[in-house]
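Here are some exercises to work through with the model open beside you. Try each task before reading its solution.

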Amino acid sequence: MQYPEKIDGAVLKVAGVVVLGAIMSIIDITVVNVALRTFQVEFAKNGQPLAYSAVAWTVTAYTLALATVIPMSGWAADRFGTKRLYMLAITLFTLGSILCATAPSIGFLIAFRVLQGLGGGMLMPVGMTIMTRAAGPARMGRLMAILGVPMLLGPIFGPILGGWLIDNFSWHWIFLINVPIGLVALIYSRFALEKDNPVPSETFDFVGMLMMSPGLALFLFGISSIPGEGGIGHPKVLIPALIGLVLMVSFVFYSFKPKHPLLDLRLFKNRNLSVSLITMFIFAAAFFGGLLLIPQFLQQVQGESPLSAGWLVAPQGIGAMVTMPIAGALTDRYPVGRIVPFGLVGIIIGMFSLTQITAESSHWGFLIPVLFVMGLGMGATMMPIMTSALKTLKHHEVARGSTLLNINQQISSSIGVAIFSVVLTNALLDNVPASPALAPQAAAAAFSHTFWVAAWLVTLTLIPAYFLPRKREESKLLEDADDVPAPAVPLH
């Protein structure tokens, strides 16, 4: 199939559908970020606000659900078709949003976030593969830049929208706002996406599914229970964490047996893909887990409203908006090993700067410039890594490779949020102020301690990033792109 050099109208029409669905999914993550402090207070028990590690599960449960459903997308598309699957995903996400708005307790909210994540998890992988098929391999960098639009809009408008809704209405509206967006996306996809004819071809790896998803959830539940149980040795920590670890290790060994495994770990034989996945894993855990703390700091320590916190974290998204399109264009011309390190350096500088945060830290003189620099780094890091991984794969491997990339990012984000929620909660317990007047300073010290952990973790990303390609390589997608039809969604 011949593709035009420029991004044409046909691609933009499909891009509109994909980007709208991705905006709905990604903005929902950032909207919830500024609501965590509100959840602590609204769902308080016996007049005491919930621990941060408890409400952080509203984020972790969502990303875990995303990770769970991503590998199912290919199997489902084989049976229902990509258009039907995409519309089903939008429907599930919208229904989950309605239920979240009705949640009577934090437990119900976490459960409904899982349903919401099951819909949201199919939006990005399905959309990414549809866009890959529409744009072709030669326009991969610019394609990733288009898919990056929701990642730009989410960090900018999500926290502002969430803060405005909470301040002027109630927390319920951060979920209800998805209903009209979901309806528009459903109608748009009905007319913009071409109907396809599903051909069932592969069996689904239910055994692998029953090991990976519960294993990861149990492991993170055990880790997240550490603050509430006073240490690692408590049965509520050890038992689920060990069972989860055993299930995950068993999943890795099992995955090499089926013909069509849930995740094709054989692709790790590809050096560039392996390096990209490792780099993305460490980066996403440190970056997304660490930045989730900023709205919490602004509200809990400095007493800002959710809306004010939303405005103050927007510079991070603005920074990414500056560099992401540039990085996307450069990735079509230069090896990512010469692009990504510059982005990582910006993030590392920003994260180490946050270790010096105090209760009196200036917004304009400190926090806003730091977040802007980190945004610049994020825009030059994330999409080039993903593009590098896909370019090293042959055409028939792209679907399985994109699945690994997506699930890798969601799992690492979940682990990052869980780790930093535990570190912060423990630090808050250890920094009990001598008097109420010292409470802001003690809390700020706990956040500073947590940012030290994030800073060193993101610094580790430089090690795998050193091994990213530093010489220009032709995309292997071009080798057999004319012989093998592009997959509609990730296949397994």
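How many helices and how many strands are there in the chain? There are 24 helices and 0 strands, where helices (H or I, at least four residues) and strands (E, at least two) are DSSP runs, numbered from the N terminus. Before going on, note that this is a predicted model: local features need pLDDT of at least 70, side-chain atom pairs count only at pLDDT 80 or more, and totals for chains, interfaces and linings use all residues. Residues are numbered from 1 along each chain as its sequence is written, and side-chain values use heavy atoms, with hydrogens and water left out.

**Exercise 1: the chain as a whole**

Find what share of the chain is buried, and what share of its contacts joins distant positions.

Step 1. Of the 492 residues in the chain, 59% are buried. Buried means under 20% relative accessible area, exposed over 50%, and partly exposed in between (1.4 Å probe, protein chains only).

Step 2. Take the contacts (heavy atoms within 4.5 Å) with a separation of 6 or more: 84% of them are between residues 24 or more positions apart.

**Exercise 2: the two sides of H11**

Compare the span of H11 with its expected value, then sort out its faces.

Step 1. H11 covers residues 178-192, and its 15 residues reach 20 Å from first to last C-alpha, close to the 21 Å expected at 1.5 Å a residue. The expected span is 1.5 Å times one less than the number of residues.

Step 2. The buried residues of H11 are Asn 178, Gly 182, Ala 185, Ser 189 and Ala 192. Looking down the axis of H11, these buried residues fall within an arc of 110°, so they line one face of the helix. The arc is that of the directions from the helix axis to the C-beta atoms.

Step 3. On the face turned away from the buried side, H11 carries the exposed residues Ile 187 and Phe 191.

**Exercise 3: two helix pairs**

Describe how H6 packs with H11, and how H15 meets H16.

Step 1. H6 (residues 82-101) and H11 pack at about 170°, with axes 9 Å apart. Axes are lines fitted to C-alpha atoms, for helices over the stretch in contact, and angles run from 0 to 180 degrees between N-to-C directions. H6 is therefore roughly antiparallel to H11; angles under 35 degrees count as roughly parallel, over 145 as roughly antiparallel, 65 to 115 as roughly perpendicular and the rest as oblique.

Step 2. Among the residues making this contact are Tyr 86 and Ile 90 of H6, and Gly 182 and Ala 185 of H11.

Step 3. The axes of H15 (residues 271-291) and H16 (residues 293-300) come within 4 Å and cross at roughly 20°, so H15 and H16 are roughly parallel. Gly 289, Gly 290 and Leu 291 of H15 meet Leu 293, Ile 294 and Pro 295 of H16.

**Exercise 4: three buried positions**

Place Thr 381, Gln 296 and Gly 208, and list their contacts beyond four places in sequence.

Step 1. Thr 381 sits in the loop between H19 (363-379) and H20 (382-391). Thr 381 is buried at 0% relative accessible area, and touches Phe 283, Val 340, Gly 343, Leu 344 and Ile 347.

Step 2. Gln 296 belongs to H16 and is buried at 1%. Its contacts are Leu 36, Arg 37, Gln 40, Tyr 52, Val 301 and Phe 447.

Step 3. Gly 208, in H12 (residues 206-224), is buried at 0% relative accessibility. Gly 208 is in contact with Phe 251, Tyr 254 and Leu 262.
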